[in-house]
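Welcome! Please take a moment to look over the sequence and the fold before reading on.

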Amino acid sequence: MKNVLKFLPAAALAAGLAVSAAPAVAQQAGQKAPAAPAQPKASPAAIAAAKEILQIKNAAAMYAGAVPGMVEKTKGALIQQNLNYQKDLNEVAPIVAQQLNGRQSEIGDGMAQIYASEFTEQELKDLVTFYKSPLGKKLIDAEPRAIGQSMAFMNTWAQSFSETVMGAFRAEMRKRGKEI
């Protein structure tokens, strides 16, 4: 369960980090990165409930490697632009990672704010109660596997269905006297 739980959010985070590296490189080139959309301010109790939900769901595992990941991604981009500085950039990367260590907590704070803006305080409290229930615990345990298996099924289905679609195109084109 934990491997799947870590994989799915980690994949989403990796995609996010890949997208977020472009604004960092653009900023270096003098371009301004787009601002993140502002979330409405939520009550402290709603934020606390949202943080509890994220803690129950072990969301921190999803972004635990965000700082070192971003440092490595940025180092790679800088090395591509400055091949002569590769040795120095490799030496500087751990220093930068150490300086910025802990900043991944900003992701958790932002996620809590987003949850608190999407749900009412009472809904968040109800969700905490649910996730602490036997069914909620089962959902937390089983959902990552179900999602992973569903994604595998969809990929298999898509591959098979694409062959069906290709066959239908070929049949229709054959009716027109054209082989593809």
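This report looks at one helix, a few charged pairs and a patch on the surface. Keep in mind that the model is a predicted one.

**Helix α7**

Let us begin with helix α7, which covers residues 121-132 and so counts 12 residues by the DSSP runs used here. From its first C-alpha to its last it reaches 17 Å, close to the 16 Å expected at 1.5 Å a residue. Which residues of α7 are buried? They are L124, V128 and Y131. Looking down the axis of α7, you would find its buried residues within an arc of 75°, so they line one face of the helix. These buried residues pack against three other helices: α2 (44-56), α6 (105-118) and α8 (134-175).

**Salt bridges**

Side chains of opposite charge can pair when their charged atoms come close. In this model, the count of salt bridges comes to nine. Among them are the three pairs in the table, each with the distance between its closest N and O atoms.

| Pair | Closest N and O atoms | Place |
|---|---|---|
| K132 and E52 | 2.7 Å | K132 in helix α7, E52 in helix α2 |
| K75 and E72 | 3.1 Å | both in helix α4 (residues 66-81) |
| K87 and E91 | 2.6 Å | both in helix α5 (residues 86-100) |

The pair of K132 and E52 brings us back to α7, since K132 lies in that helix. This salt bridge links distant parts of the chain, with the two positions 80 residues apart in numbering. K132 is partly exposed at 46% relative accessibility, and E52 is partly exposed too, at 31%.

The other two pairs each stay inside one helix. K75 and E72 are three residues apart, about one turn of helix α4. Is K75 buried or exposed? K75 is buried, because its relative accessible area is 17% and buried means under 20%. Its partner E72 is partly exposed, with a relative accessible area of 42%.

In helix α5, K87 and E91 are four residues apart, again about one turn of the helix. K87 counts as exposed at 57% relative accessibility, whereas E91 counts as partly exposed at 42%.

**A nonpolar patch**

Finally, turn to the surface. A nonpolar patch of about 1,000 Å² is made by I147, M151, F153, M154, W157, F161, V165, M166, F169 and I180. One of these residues, V165, has its place in helix α8. V165 is partly exposed, with a relative accessible area of 32%. Helix α8 is also one of the helices that the buried residues of α7 pack against.

Definitions and conventions: Residues are numbered from 1 along each chain as its sequence is written. This is a predicted model: local features need pLDDT of at least 70, side-chain atom pairs count only at pLDDT 80 or more; totals for chains, interfaces and linings use all residues. Side-chain values use heavy atoms; hydrogens and water are left out. The expected span of a helix is 1.5 Å times one less than its number of residues. Buried means under 20% relative accessible area, exposed over 50%, partly exposed in between (1.4 Å probe, protein chains only). The arc is that of the directions from the helix axis to the C-beta atoms. Contact means heavy atoms within 4.5 Å. Patches are made of residues with over 30% relative accessible area and no salt bridge: like charges are joined within 9 Å, nonpolar side chains (Val, Leu, Ile, Met, Phe, Trp, Tyr) within 5 Å. Accessible areas come from the Shrake-Rupley method with a 1.4 Å probe; for residues, only the protein chains shown count as cover. A salt bridge is a side-chain nitrogen of Lys or Arg within 4 Å of a carboxyl oxygen of Asp or Glu.
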